[in-house]
Amino acid sequence: MGFFEKIKQGLSKTASSISSVFTASELDDDFYDDLEERLILADLGMDTTVKAVERLRLVVRDRRIKTVAEAREALREVLCDMLDVGDSALNLSTKPSVVLVIGVNGVGKTTTIGKIANQLHQAGKKVLLCAGDTFRAAAADQLEIWAKRAGADIVRHGEGADPAAVVFDSISAAKARGSDIIIVDTAGRLHNKANLMNELAKIDRVISRELPDASRETLLVLDATTGQNAVHQAEEFNKAAELTGIILTKLDGTAKGGIVIAISAGLGVPVKLVGVGEGIDDLIDFDRAAFLEAILPPAEQMTGDSENEEEGAEQE
Ligand code: GDP
Ligand code: MG
């Protein structure tokens, strides 16, 4: 199943909510107010919504757009452009490459690492998992289960160990075993920002010293169902680390989807992977065009809408 099929169902409510705006007969203030409301409801957040609507107004003015159908296409362009903040492929070009996975508790870091490891293993790569969440012994146990399922190696220390020391040992092990990719799990303690920053900086120093030329990814995992809270987390982590990408989990749940745009546009960091379930295969590469198609399909794909547009639609 492709990206589009996997997310379309979950985002269908968002799609019909946004589409309903385009049953209006005129591009007046009511239209823009209604659109603003729908975009906020879709989890774009206030800032990104205001930006998107402002840009749409400009495009409508500059191109002398008169119909809602044209405005719909213009909004698709605006959102597509807001999502265009960089390559969504992982950069794993060196041997070994390092992938650091960060984020608060419960967002799905360990599960996602298992899924990534499995994909890489299937692609013939030798993967080593680093149990950098030393906060609870259960965290390393959980990672070890995923390592077995995914056919990856694991390096772990005891509970309470220094995460940077586990990273150091993982790098030594990867060099000795000829691993292609090291994926580092971390504990997500955002409540103590200074501590988090220190811990990430220390890990960063170890990697820079031991593997100065390695390709690096620092991926922030966010739970899409937590809406604007996830946007807030993204802002905080973006201050603590140089993020190269976002992994958005639980897009199979009640997520409204707009958070993808809020984060891309707000932080300028691309969404790279999307979690769509708890299973080992439930991780897919983010596809901008397909995502857009799921939340705002072209008018001709929304059955019934084109008729409404012509009749000038009575709402509700
Ligand atoms: P961590 O604390 O960040 O390491 O989070 P975990 O990997 O332990 O995951 C927390 C919970 O989220 C677990 O029950 C996972 O099965 C679940 N989870 C992770 N990713 C997804 C996803 O994409 N979809 C759904 N529905 N659940 C997920
Ligand atoms: Mg974990």
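**Notes on a predicted model**

1. Start with helix 4, which spans residues 45–62 and contains Met 46. The model is predicted, and every point below should be read with that in mind. Met 46 is exposed, with a relative accessible area of 52%. That value qualifies as exposed because the cut-off is over 50%.

2. Which residues join Met 46 in a nonpolar surface patch? They are Ile 40 and Val 50. Together the three make a patch of about 240 Å². Look for Met 46 in helix 4 to find the patch on the structure.

3. Next, the loop that follows. Arg 64 sits between helix 4 and helix 5. Its phi is positive, at about 50 degrees, although Arg 64 is not a glycine. This deserves a remark because most residues other than glycine have a negative phi. Is Arg 64 buried or exposed? Arg 64 is exposed, and its relative accessible area is 67%.

4. Lys 250 also has a positive phi, near 60 degrees, and is likewise a residue other than glycine. Where is Lys 250? Lys 250 is in the loop between strand 6 (245–249) and helix 11 (259–267). Lys 250 is partly exposed, with a relative accessible area of 31%. The label is "partly exposed" because the range for it lies between the buried limit of 20% and the exposed limit of 50%.

5. Now a peptide bond. Lys 95 and Pro 96 are joined by a cis bond, with omega about 0 degrees. Most peptide bonds are trans. Pro 96 belongs to the loop between helix 5 (68–83) and strand 1 (97–102).

6. Turn to the interior space. How many cavities of 30 Å³ or more does a search of the whole structure find? The search finds one. The largest cavity has a volume of about 40 Å³.

7. What lines the largest cavity? The lining consists of Ile 102, Thr 186, Ala 187, Leu 196, Glu 199, Leu 200 and Ile 203. By type, five of these residues are nonpolar, one is polar and one is charged. Glu 199 is the charged one because Glu counts as charged. Thr 186 is the polar one because Thr is on neither the nonpolar nor the charged list.

8. Which helix gives the most to that lining? Helix 9, residues 193–210, does, with four residues. When checking the cavity by eye, begin at helix 9.

Technical notes:
Residues numbered from 1 in each chain as written. Chains lettered and ligands numbered in written order. Predicted model: local features only at pLDDT ≥ 70, side-chain atom pairs only at ≥ 80, totals over all residues. Heavy atoms only, no water. Patch = residues over 30% accessible without salt bridge, like charges linked within 9 Å, V, L, I, M, F, W, Y side chains within 5 Å. Areas by Shrake-Rupley, 256 points an atom, 1.4 Å probe, with all protein chains shown as cover. Salt bridge = Lys/Arg side-chain N within 4 Å of Asp/Glu carboxyl O. Helix = DSSP H or I, 4+ residues; strand = E, 2+ residues; numbered from the N terminus. Buried < 20%, exposed > 50% of the residue type's maximum accessible area, 1.4 Å probe, protein only. 1 Å grid on protein atoms, 1.4 Å probe; cavity = no way out; pocket = protein on both sides within 12 Å on 5 of 7 lines; lining within 4 Å. Points joined across faces, edges and corners; volume = space filled by probe spheres on them.
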